[in-house]
There are 4 protein chains.
Amino acid sequence: MSEKSPTAILLLSCKDRKGLVSRISNFIFERGGNILDLDEHVDPVEQMFFIRVSWSMQNFSVPLDELEEAFTPLAKEFKASWSISKQGVKHRAAIFVSKYDHCIQEILWRNSMEEFQIEIPLIISNHSDLESLAAHYKIPFHFFPINQENKFIQEAKELELLNTNQIDTIILARYMQILSPQFVEKYPNKIINIHHSFLPAFIGGKPYNQAYDRGVKIIGATSHYVTKELDDGPIIEQDIIRITHKDSVKDLIRKGRDLERRVLAQALYYHTQRRILVNGKKTIIFE
Amino acid sequence: MSEKSPTAILLLSCKDRKGLVSRISNFIFERGGNILDLDEHVDPVEQMFFIRVSWSMQNFSVPLDELEEAFTPLAKEFKASWSISKQGVKHRAAIFVSKYDHCIQEILWRNSMEEFQIEIPLIISNHSDLESLAAHYKIPFHFFPINQENKFIQEAKELELLNTNQIDTIILARYMQILSPQFVEKYPNKIINIHHSFLPAFIGGKPYNQAYDRGVKIIGATSHYVTKELDDGPIIEQDIIRITHKDSVKDLIRKGRDLERRVLAQALYYHTQRRILVNGKKTIIFE
Amino acid sequence: MSEKSPTAILLLSCKDRKGLVSRISNFIFERGGNILDLDEHVDPVEQMFFIRVSWSMQNFSVPLDELEEAFTPLAKEFKASWSISKQGVKHRAAIFVSKYDHCIQEILWRNSMEEFQIEIPLIISNHSDLESLAAHYKIPFHFFPINQENKFIQEAKELELLNTNQIDTIILARYMQILSPQFVEKYPNKIINIHHSFLPAFIGGKPYNQAYDRGVKIIGATSHYVTKELDDGPIIEQDIIRITHKDSVKDLIRKGRDLERRVLAQALYYHTQRRILVNGKKTIIFE
Amino acid sequence: MSEKSPTAILLLSCKDRKGLVSRISNFIFERGGNILDLDEHVDPVEQMFFIRVSWSMQNFSVPLDELEEAFTPLAKEFKASWSISKQGVKHRAAIFVSKYDHCIQEILWRNSMEEFQIEIPLIISNHSDLESLAAHYKIPFHFFPINQENKFIQEAKELELLNTNQIDTIILARYMQILSPQFVEKYPNKIINIHHSFLPAFIGGKPYNQAYDRGVKIIGATSHYVTKELDDGPIIEQDIIRITHKDSVKDLIRKGRDLERRVLAQALYYHTQRRILVNGKKTIIFE
């Protein structure tokens, strides 16, 4: 979808009831907005209402910085979870990495192609290996070695850094450390991870070895929001690739790299385009 | 999407302008309808507006048989192309076949599983081969052998038969005759064909032989609405399958059968679910 | 691969050592055979050798019914697991079903198209629902209702029936009963099951419900040889299909049906074409 | 397939006849080689024989630099096209680019991951845009602006440069110039191109615009060896991606980039692994 600026995007979920689309579209129409794209979904099991609507702000009677305030009464009435964002206002994302560079390379390259709407003010790593890559892209690199003893302290420093930099999105680009629950709860549905298996198969470590041992004919990768439970957060995107008996674990790793890159990039694309709403343990993706 | 009856579905396209979603959703809300699913698209190049909206008719103040009349003023104001259908009112489809049975088998079997919302009052063929299959499914089978000389007369008889049976959808399930332009224009965007190639590659006859000779690594199938121009109508669905140097033409035909079945069934699914709007030579598919 | 008769196919596995291909191809060459297709694989981890070779028996100096005897000395020397089959000699397969008909429909239809090299002398079911389908295809239908008490006796009767009919392949076409270990060990790597998930995810019952609850974006199906451990046998084929948040459990079941049909058919195709060797918990598939 | 060094790979094609596998495997066995992987194919239409065989050179009685000479008598007897290469001896590849960087980025990155067995001694371009990228990877960058008048002279200089650098593989990574027939014939089946469509659909310029106008539901990319006829050489690899009515031409270009990268990389992988034999207008890919 090509959406010319200035464009506003509303993401909203609430208990379903009659008139929601009508009220929301009237709100936009009455202020002179033209809807560019509207996608609405009702979960018939849980009777929940989900909507993403984008509209042109050209000649809109409310200035963009007053838009949230203007919409608040309606949102309160609906008891909604919601956010309004302006197309073109970029997410501020931090990338967490360890030693593997394929995922971060992919994201940095795609960002240079302007596929995402993000700024990347910093990279955090528990290893120093990728410092020169960060330097090449002129992004500050912060090295936080982590062990059992210092984990609490290091995470506290990381959080302070993220806070200072007004980070709203964290990308775990094959970051080989488990974030503490205390860390995770600071960024609900804002930490995107890539797991190198087709979840829920092969949770935890060394999924390619697990896949090789089981003799599967297809391997997968899964990008999800991080929750306190390991590899159990709401799934954003999954994809797969065929393997054969000829493939060694090394081949699986090679083929899987492509998958991981693609799946993480797609998840991040949805996230930065404000195309995701979380519904309990699941995601609504407005493609 | 599971939509419980009674449900109404509006498909509408018109020149884009402000307030369309608002006006349409108000129309539904004011009469007591609850929107179940709404998907809207604006073609930014042609400035055209497309919408599919379904709503629950429970407690709706307008009875279903007066719904079209009630909506007509709005539609006229928008100068729209539109249709309203009731979930559960089935399409009446005729299947045209020749000798191959895989596509018709697939459709008849899926219909017996209630995947489509169609009734099939008749099967028309230019060969008698599949008469017993029709008998098995207890569907009247009409044999119209066609040659250069009798084509005009036979098609006239077919049209009369279709008319008598109030047919609104024609499925060409590997029907190996080209319908005349006069026939086609009677059923605009209502004749669904399956072509056994990835259009626009390999138009016309023997596409599997063409694919074999060219040495492609992937073959495809395409389902489209029939227009006067051969294999050139709006594409509804396409899919592909991998082949290798080991595959003979016979293997391509075998693998292609699976593809043709699947692609035609998917196209018919969209059609019977009222999920397709035609935009010139293209389709909008509300998935 | 199109292979004209009369053709012999050797499937062989043994500990790897030098000269195996040479000795086997010499055996064929010296007797006047022309190799049509040879595929060989060495498992570098376990140092095992796997080969499938097919050759034209035209002018072959050993008659087909003496071929096994002629090859035995070589096989003994290699301490190999092996089988020789004649292209065109059909497998004798029994289909086990319960109530769902999509998988058995698919197999019977494909067999009528001569995609498989199988004869189907009987269908066994723990329900009577599909008796008329069997009648339509003129295949004897045997009804063995099974409960906790009679399982042992019923299975004994089934085994006798299979034995009488010289069955060498058993197809579990969504058979909703777990075969006893005693039954399974009679047909090692000869019982083909279809499980309606992407194994090892969602083992056991109601995988579509499990998938729905987890919020996956892709569902799968897996065909495997049955072993004593539930859903744990060597995987033959897997495939997947995308789903979205719009899909209900009912939609998953509908989409999954297509997948199950396709995956089981592909596994059976490999099996009947003698393209599978089992390597512990894994399969070698000579595509 | 992981093949440990030192390993030799034979690629050979000739008219089919009895005993070819036997003679070739005996050649290897008699000299003490152990076959690691053998794949053979007979084209039943053209009666042609194709083989790829790799074997361990450990304890082989012929030194690697005398291997070609040793095999020559057999090859002559078969009137074969053939080549022997040593696993680990790298191809020497030149990359031709214009302005788009996605394909060359992908290849350079993958090569840094050692996915290919190539050295890249030089990059040639008709634009200067990607000079700094070449510098980053420390690869000499040669700028040859080309127009109608200077084409012959510039290509002559390029050929000299390729010759000096002993280049055996040319990668056209979205090189937006058509090579002259005189240039092409110097590198038969050694120039790998990526075309951004599913050939033979949308030959020539602006295939994404063509795809958009036609309203296809899937776009593709094709990697092929370059011949004198535009976009008509033997196809090595193809892949596809789904698009919808929501996708603008810009979206097609974005989605297509991923496809182009992947397809070109896969083709190059096959090429550098010596897994390709050309059969007239087609390729045999030993996967």
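Here are three short exercises on how chain A meets its neighbours, chain D and chain C.

The model is predicted, so keep the ground rules in mind: local features need pLDDT of at least 70, side-chain atom pairs count only at pLDDT 80 or more, and totals for chains, interfaces and linings use all residues. Residues are numbered from 1 along each chain as its sequence is written, chains are lettered from A and ligands numbered from 1 in the order in which they are written, and side-chain values use heavy atoms, leaving out hydrogens and water.

**Exercise 1. Describe the interface of chain A and chain D.**

Step 1: start with who takes part. There are 22 residues from chain A and 22 residues from chain D in the contact, where contact means heavy atoms within 4.5 Å.

Step 2: look at the area. About 2,100 Å² is buried between chain A and chain D, and carbon and sulfur atoms give 42% of that. (Buried area is the accessible area, with a 1.4 Å probe, that two parts lose on being put together, summed over both.)

Step 3: go for the charges. The rule finds six salt bridges across this interface; a salt bridge needs a side-chain nitrogen of Lys or Arg within 4 Å of a carboxyl oxygen of Asp or Glu. Try Arg261(A) and Glu106(D), whose side chains meet in a salt bridge at 2.5 Å, N to O.

Step 4: ask which elements do the touching. On chain A, helix H3 (102-112) and helix H8 (249-272) each give two or more residues to the side that touches chain D. H8(A) has the largest share, seven residues. Helices here are DSSP runs (H or I, at least four residues) and strands are runs of E (at least two), numbered from the N terminus.

Step 5: sort by class. That side of chain A has four nonpolar, five polar and 13 charged residues. Ala, Val, Leu, Ile, Met, Phe, Trp, Tyr, Cys and Pro count as nonpolar, Asp, Glu, Lys and Arg as charged, and the others, Gly among them, as polar.

**Exercise 2. Now do the same for chain C and chain A.**

Step 1: this contact takes 35 residues from chain C and 35 residues from chain A. The two chains bury about 3,100 Å² between them, with 55% of it on carbon and sulfur atoms.

Step 2: on the chain C side, Arg214(C), Lys217(C) and His245(C) lose the most area to chain A, together 24% of what that side buries.

Step 3: the salt bridge count is six. Glu237(A) and Arg242(C) make a salt bridge with their side chains, 3.5 Å from N to O.

Step 4: which strand of chain C gives the largest share of the side that touches chain A? That's E11(C), with seven residues. By class, this side has 14 nonpolar, seven polar and 14 charged residues.

**Exercise 3. Work out how the copies are related.**

Step 1: chain A lands on chain D after a rotation of 180° with 0.0 Å of shift along the axis, RMSD 0.0 Å. (The fit is by least squares on C-alpha atoms of residues with pLDDT of at least 70 in both copies.) That is the relation of a two-fold axis.

Step 2: check the surfaces. Of the interface residues of chain A, 100% are also interface residues in chain D, so the copies meet through the same surface.

Step 3: repeat with chain C. A rotation of 180° with 0.0 Å of shift superposes it on chain A, and in chain C the C-alpha nearest the axis belongs to Ala201(C), 2.3 Å away.
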